[in-house]
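Subject: A structure for you to look at

Hi,

Here is the structure I promised to pass on. Have a look at it first, then read my notes below.

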Amino acid sequence: MVFADLLLYICAILALLFLWQYYQNQILAGHIKAVDIFDRSGIRMYLCATPDDGEICESCREVNGMVFLPSRVARSEFTPLRAACSNKGRCTIVIIGLYGAWPEASQVVRQLRAAGRESFVHLSFEELVGLTKGSWQASVSAATDHLGVGMLAALCSENKDPEVAVSGYREIIQQAQEVHNLPLVAPAYLQLTTLLERQGHSEEAVALIEDFEKRYPQNKTGPYYPTKIQRGLLTIKKSHLRTALPSQPPPTEQTSPSGVEDLTIKSAT
Ligand SMILES: [Zn+2]
């Protein structure tokens with residue numbers, strides 16, 4: 001009887017492990033919306049942020065600091081934009097999921113819930129910076145929010161302290177594994193490439209783009225894969241950067257991915 005009971009428990013554990021693996025595969029294959037897992041992971045708010053690089057169009061700049069409830073972001077028609085991006089969708093907008101257990105973030109969650117399901121809270125740039133400087137590391141959500149806060153700090157630092165931004169983006173590229181952090185990776189590659197290019201580190205920027213290309217092969221797609229515009233921007237950046245490298249001849253042929261033929265480099269050198 002004891003052996004039979006033990007066998008039953010083992011079978012139950014194996015079945016649960018199988019179900020969990022199946023669920024993860026469904027998420028990564030895009031059959032389950034990212035926000036479904038976000039809700040189960042305890043994400044309490046989504047914060048929209050743009051880089052402080054002076055190159056964001058007016059429509060996209062307006063969404064910087066907007067915070068929404070997960071139930072609002074879960075809708076298929078959700079967009080924080082009130083007007084279309086006048087930069088043909090090339091501006092970087094990152095939607096960061098946070099639990100936000102530290103005092104400054106908890107206050108935002110309370111404001112958001114008080115505002116109602118259809119509303120949102122709009123934080124100023126100073127309030128965004130204030131969130132990153134709060135005691136998030138001592139909160140119970142530190143592990144969940146670590147890379148989200150890092151992304152927010154990097155976006156807010158591009159202009160004033162680019163080295164902080166560089167190290168923040170690197171950390172996201174190297175460490176993002178949890179499902180709720182995967183949407184941060186492609187924007188981190190884009191922004192880090194732009195910063196390295198701006199600092200004159202062309203060789204390093206090219207190597208970073210090659211790393212991106214290995215991580216996201218052209219023939220693969222998924223819910224957390226880069227968009228055509230993001231791929232196109234990095235392809236064009238790579239072409240410009242390689243041309244600028246003194247020791248390497250320019251590529252003989254460079255084709256743009258479909259849909260990005262009219263793109264130009266925002267920060268062309
Ligand atoms: Zn824009």
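**An exposed valine to begin with**

Val140 counts as exposed, because it has 11 C-beta neighbours inside 10 Å, and the cut-off for exposed is 12 or fewer. You'll find Val140 in the loop between helix H6 (125–132) and H7. Try picking out Trp102 as well: Val140 and Trp102 are 38 residues apart in sequence, yet their C-alpha atoms are 7.9 Å apart in space. Do keep in mind that this is a predicted model.

**The whole chain**

Stepping back, the chain has 269 residues, and 33% of them are buried. Its secondary structure comes to eleven helices and four strands. If you take the contacts between residues at least 6 apart in sequence, 69% of them join residues at least 24 apart.

**The sheet**

In what order do the four strands line up in the sheet? The order is S3-S1-S2-S4, in an open sheet with antiparallel pairing. Strand S3 (94–98) and strand S4 (121–122) are the edge strands, so to speak the two ends of the row, and each of them pairs on one side only.

Strand S1 is a good one to click through. S1 covers residues 45–49 and is joined to S3 by five bridges, with the two strands running antiparallel. Across that pairing, Tyr46 sits opposite Gly97, while Ala49 sits opposite Val94. S1 also pairs with strand S2 (residues 66–68), again in the antiparallel sense, over two bridges. In S2, the residue opposite Tyr46 is Phe68, and in S3 the residue opposite Tyr46 is Gly97.

Is S1 enclosed or open to the outside? Five of its five residues are buried, so S1 is largely enclosed by the rest of the structure. Both of its faces are covered: Met45, Leu47 and Ala49 are buried on one side, and Tyr46 and Cys48 are buried on the other.

**The core**

Leu47 turns up again here. The largest nonpolar core has 54 residues, and Leu47, Met151, Leu152 and Tyr189 are those with the most contacts inside it. Leu152 is worth a closer look: leaving aside its neighbours within four places in sequence, it is in contact with Leu47, Ala49, Ile96, Leu128, Leu131 and Thr132.

**Three helices that pack**

Now for helices H7, H8 and H9. The axes of helix H7 (residues 142–157) and helix H8 (residues 162–175) come within 8 Å and cross at roughly 150 degrees. Angles over 145 count as roughly antiparallel, and H7 and H8 are therefore roughly antiparallel to each other. Their crossing is left-handed. On the H7 side, the residues that meet H8 include Leu147, Gly150 and Met151; on the H8 side, the residues that meet H7 include Pro162, Ala165 and Tyr169.

H8 also packs against helix H9 (residues 185–198), at an angle of about 145 degrees and with the axes 9 Å apart. H8 passes H9 in a left-handed crossing. Which residues of H8 make that contact? They are Pro162, Ala165, Val166, Tyr169, Arg170, Ile172 and Ile173, and they face Val185, Ala188, Tyr189, Gln191, Leu192 and Leu195 of H9. You may recognise Tyr189 from the list of residues with the most contacts inside the largest nonpolar core.

Have fun clicking around!

Cheers

Note on methods. Residues are numbered from 1 along each chain as its sequence is written. This is a predicted model: local features need pLDDT of at least 70, side-chain atom pairs count only at pLDDT 80 or more; totals for chains, interfaces and linings use all residues. A nonpolar core is a set of buried Ala, Val, Leu, Ile, Met, Phe, Trp, Tyr and Cys residues joined through C-beta atoms within 7 Å. A residue is buried if 20 or more other C-beta atoms lie within 10 Å of its own, exposed if 12 or fewer, and partly exposed in between; C-beta atoms are placed from the backbone. Two residues are in contact if their C-beta atoms, placed from the backbone, lie within 7 Å. Two strands pair if DSSP finds at least two bridges between them. Axes are lines fitted to C-alpha atoms, for helices over the stretch in contact, and angles run from 0 to 180 degrees between N-to-C directions. Angles under 35 degrees count as roughly parallel, over 145 as roughly antiparallel, 65 to 115 as roughly perpendicular and the rest as oblique. A crossing is left-handed if the near helix is turned anticlockwise from the far one by less than a right angle, and right-handed if clockwise.
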